[in-house]
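Please look over the structure shown below before reading the notes that follow. The notes are grouped by topic.

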Amino acid sequence: MWWSDEQWEELCDPSRCKMCDDAHLAENAHSVMVASTATSFVRLSRNQAHAGYTLVILRAHVTALEHLDGDQLSAFWKDVQRAGRAVETVYSPRKIAYLVMGHRMPHLHCHVFPQHVADDPKRNVDISDGPVLLSPVGLHDAAQALRSAWAAVR
């Protein structure tokens with residue numbers, strides 16, 4: 001059963017949005033900042049069960065793609081594409097899955113989810129795999145590698 005009307009309204013409320021609260025921070029409980037644009041925050045997930053798992057989070061509190069105008073939509077997807085290129089540069093995945101869901105966190109964001117040779121291509125993507133948590137140094141190094149790749153790709 002879907003969220004009740006009250007629950008969904010609460011989840012969509014920008015004053016209660018967890019992504020609005022902490023997506024701009026250098027580090028939060030779920031991720032670390034890789035890059036920031038006029039449109040998005042690009043963040044490396046702390047859960048690295050799929051090496052390179054990154055999120056692109058829209059700066060504005062918008063709950064769905066259909067609410068963006070053409071310029072906003074284009075800018076968001078350009079950020080997603082660039083994040084994918086950075087992940088590809090650093091991690092050389094076999095494929096990258098791009099997931100826009102938002103049924104638990106209705107703030108527009110895209111999961112840039114690498115699929116590697118060791119992954120089962122017949123298994124549904126599951127962002128809750130793991131967790132595989134890197135050491136603080138390992139996480140810092142991974143984020144720095146993505147920052148360097150982000151700067152080099154367009």
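In this predicted model, the side chains of H111 and Y53 make a polar contact of 2.6 Å. H111 is part of strand β5, and with a relative accessibility of 6% it counts as buried. The points below begin with the surroundings of H111 and the pocket, then turn to the cores, the cysteines, the backbone and some loop residues.

**H111 and its surroundings**

- Which residues does H111 touch, not counting residues up to four places away in sequence? They are Y53, T54, L55, A97, Y98, L99, M101 and I127.
- Y53 is thus on the contact list of H111 and is also its partner in the 2.6 Å polar contact between side chains.

**The largest pocket**

- The largest pocket holds about 660 Å³ of space.
- Its lining is made up of 26 residues, and those that lie nearest the centre of the pocket are M19, H30, Y53, L55 and H111.
- Two or more lining residues come from each of α2 (18-22), β2, β3 and β5.
- Among the elements, α2 gives the most to this lining, with three residues.
- Both H111 and Y53 are among the residues nearest the centre of the pocket, and their side chains are in polar contact with each other.
- As background, rolling a probe the size of a water molecule over the atoms shows where empty space is left.

**Nonpolar cores**

- The largest nonpolar core has 26 residues. Those with the most contacts inside this core are V42, L44, V56, F76, V112 and L146.
- The elements that each give two or more residues to this core are β1 (31-36), β2 (40-45), β3 (54-58), α3, β5 and α4.
- A second core, separate from the largest one, has 11 residues, including M19, F41, I57 and A97.
- L44, one of the residues with the most contacts inside the largest core, touches H30, S31, V32, V34, G52, Y53, T54, L139, A142, A143 and L146, leaving out residues up to four places away in sequence.
- M19 belongs to the second core and is also one of the residues nearest the centre of the largest pocket.

**Cysteines**

- How many disulfides does the model have? The count comes to zero.
- The cysteine sulfur closest to that of C20 belongs to C17. These two sulfurs are 3.7 Å apart, and a disulfide needs them within 2.5 Å, so the distance is too far for a bond.
- C110 is not in a disulfide either, as its nearest cysteine sulfur, that of C17, is 16 Å away.
- Is C20 buried, exposed or partly exposed? C20 is partly exposed, with a relative accessible area of 28%.
- C110 has a relative accessibility of 0%, so it counts as buried.

**Backbone features**

- Most residues other than glycine have a negative phi, and most peptide bonds are trans.
- S92 is not a glycine, yet its phi is positive, at about 45°.
- S92 is located in the loop between α3 (70-91) and β4 (95-99). Its relative accessible area is 56%, so S92 is exposed.
- The peptide bond that joins G130 and P131 is cis, with an omega of about 10°.
- P131 sits in the loop between β5 (109-115) and α4 (136-152).

**Loop residues and their contacts**

- H116 is in the loop between β5 and α4. A polar atom of the H116 side chain lies 2.8 Å from the backbone oxygen of A51.
- Not counting residues up to four places away in sequence, H116 touches H50, A51, Y91, P93 and R94.
- T39 is found in the loop between β1 and β2. Is T39 buried or exposed? T39 counts as buried, at 19% relative accessibility, because the cut-off for buried is under 20%.
- Apart from neighbours within four places in sequence, T39 is in contact with I57, L58, R59, Q72, A75, F76 and D79.
- The C-alpha atoms of T39 and V90 are separated by 23 Å, and these residues are 51 residues apart along the chain.
- A64 is in the loop between β3 and α3 and counts as buried, at 14% relative accessibility.
- A64 and V100 are 36 residues apart along the chain, and their C-alpha atoms are separated by 8.7 Å.

Definitions and conventions:
Residues numbered from 1 in each chain as written. Predicted model: local features only at pLDDT ≥ 70, side-chain atom pairs only at ≥ 80, totals over all residues. Heavy atoms only, no water. Helix = DSSP H or I, 4+ residues; strand = E, 2+ residues; numbered from the N terminus. Buried < 20%, exposed > 50% of the residue type's maximum accessible area, 1.4 Å probe, protein only. Polar contact = N/O pair within 3.5 Å; in protein donor to acceptor, adjacent residues only side chain to side chain. Contact = heavy atoms within 4.5 Å. Core = buried A, V, L, I, M, F, W, Y, C linked by side-chain atoms within 4.5 Å. 1 Å grid on protein atoms, 1.4 Å probe; cavity = no way out; pocket = protein on both sides within 12 Å on 5 of 7 lines; lining within 4 Å. Points joined across faces, edges and corners; volume = space filled by probe spheres on them.
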